[in-house]
Structures are given as structure tokens and as C-alpha cells.
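User: Please take a close look at one part of this protein for me. I should like to understand the nonpolar patch on its surface and how that patch fits into the chain.

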Amino acid sequence: MWELVGQLLPEMVGLAVTPAAIVACLLLLGSSYPFRNVVALAVPFLAVYGVLSIIALVAGRAADAASGDPSTTRGWMSVVAGGIFLTVAAMSWLRRPAGRPAARATHRATTAEPGWVSQLRDPSVRLVLVAGLLLAIVNPNVAILASGLGIVVTADVGLGAQVVGIALLLAASMIDFIVPVLVFVAAGERGRGWLRSATRWLLAHNHVIGIVVLVAFGVLFVGRGLGQVIG
């Protein structure tokens, strides 16, 4: 069981670091109904990841790790996930962020908000749910979840341990929402200035942060996967 938890640590960290979800959460914490909106954003993530987890668990139990070495299967899944991250990072690097025409005029670029940012300033519940669903589906973290689920369903453990492994993955995916809310509650009114500053900083550097995160986990996953395949 503990060996399984150790194997899932990279996936759990990856699921806990989703720049787009963190930015959206911080924006919603500055809205008129912060807690309601953050819950509405988190629910689609949990629902999508939960459905994918159930499908993977049922399929894995039915296949019963049909053939081949499970470590090789896990290795290739890790390589594929890492390859997806590196590909998305390269595409993001080659694509200039919208609304930032040149290196100069940095101040003007940071003050001009993208349209989706303005919409999340004080949105309806329906808009937040749709945004959460889109972020949950069109998200490189789905590859991290798939890699983690591959480790769980091919692990030589019982059903109970597999369920615990999946629960840990789902819990990790909620850290993007839980930690900002806890900081928001603990900081109180004094923290609203910090919240606005952090949101502005993340919006201004979101492109670079996303690339760094993708490259870091891409290299980690590819290296680990190749080690399992070759070894």
C-alpha cells in the first residue's frame, strides 16, 4: 500500500499544481460570492476526474492486468504523459500570449485584462460550472491523472488499496481550490490586498509559469517512464 502511495507522489504533486485552475480560483475569491463560485468551479473537476477514475478502475479490474509486465505498462504511460507535457510546452513557447504585442509596454499589457478574466470577476453559477468543465477537460493534468490511474490499476494490490490510491489522486486535484480558500479565510480582510496582488502577478506571468510546470513534469515523467521500460 505504502509503495503504491510512493509511486503516486509525482502524479499527486502534478495534479495539485494547475496554474489555470489556481488563477481562476483566485479570481473567483474576489467575486461577490467567493465560496459559492469556488465550489462551482471545483465540482466539474471532481466529477470529470471521478468518472475517468471509475472507468479506469472497472476496465483495469476486468482486464486484470491481462498480459505483459505491469511496470512496462506503467512506464509507457508515464512516457506518453511526459511527451504530452513537453509537446504542449513547446506549442505554448512558440505561441505568443494573446494581448502582449511586444516586450515594451509591459505595464499596459498587464492592465489590459483578457476577456475570460473580466467574465470571472463576478460570474453566474452557470458560467463558473461551464468554465470548470472546460478547464477539467482541456487540461494537461488529464494526462497526469491517466498516468496515476495506470499505476493504480496495474499495481499488485487489492481493490481497497486501489480505491485509496484513486482517492488520493482526486484529493490532490482539489488542492488547487482548497489551499487558496484556506489562505483567503485565514487572511481575512487584510488578505484581500494580497489576493489582488497575487492574482495580477499570476495573470502577468501565467504563460511562463505554465511552460515551466509543463517542462518540469514532462522531463520527470519521461525520465521515470524510460527508467521503468529499460529497467
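Analyst: The model shown is predicted. From the N terminus on, its elements run α-α-α-α-α-α-α-α-α-α-α, and the protein chain holds 11 helices and zero strands.

The nonpolar patch on the surface covers about 300 Å². Four residues make this patch: V39, V43, V125 and L129. Two helices, α3 (34–63) and α7 (125–137), each supply at least two residues of it. V39 has its place in helix α3. With a relative accessible area of 52%, V39 counts as exposed, because the term applies to values over 50%. A general property of helices helps in reading such a patch: an α-helix has 3.6 residues a turn, so residues three or four places apart point the same way.

Helix α2, which spans residues 19–29, offers a contrasting view: this helix is mostly covered, with nine of its 11 residues buried. Among the buried residues of α2 are P19, A21, V23 and A24, and the list also includes C25, L26, L27, L28 and L29.

The chain as a whole gives the setting for both parts. Buried residues make up 41% of its 231 residues. The accessible surface of the protein chain comes to about 12300 Å², and carbon and sulfur atoms account for 71% of that surface. Of the contacts with a separation of 6 or more, 88% join residues that are 24 or more positions apart.

Methods: Residues numbered from 1 in each chain as written. Predicted model: local features only at pLDDT ≥ 70, side-chain atom pairs only at ≥ 80, totals over all residues. Heavy atoms only, no water. Patch = residues over 30% accessible without salt bridge, like charges linked within 9 Å, V, L, I, M, F, W, Y side chains within 5 Å. Areas by Shrake-Rupley, 256 points an atom, 1.4 Å probe, with all protein chains shown as cover. Salt bridge = Lys/Arg side-chain N within 4 Å of Asp/Glu carboxyl O. Helix = DSSP H or I, 4+ residues; strand = E, 2+ residues; numbered from the N terminus. Buried < 20%, exposed > 50% of the residue type's maximum accessible area, 1.4 Å probe, protein only. Contact = heavy atoms within 4.5 Å.
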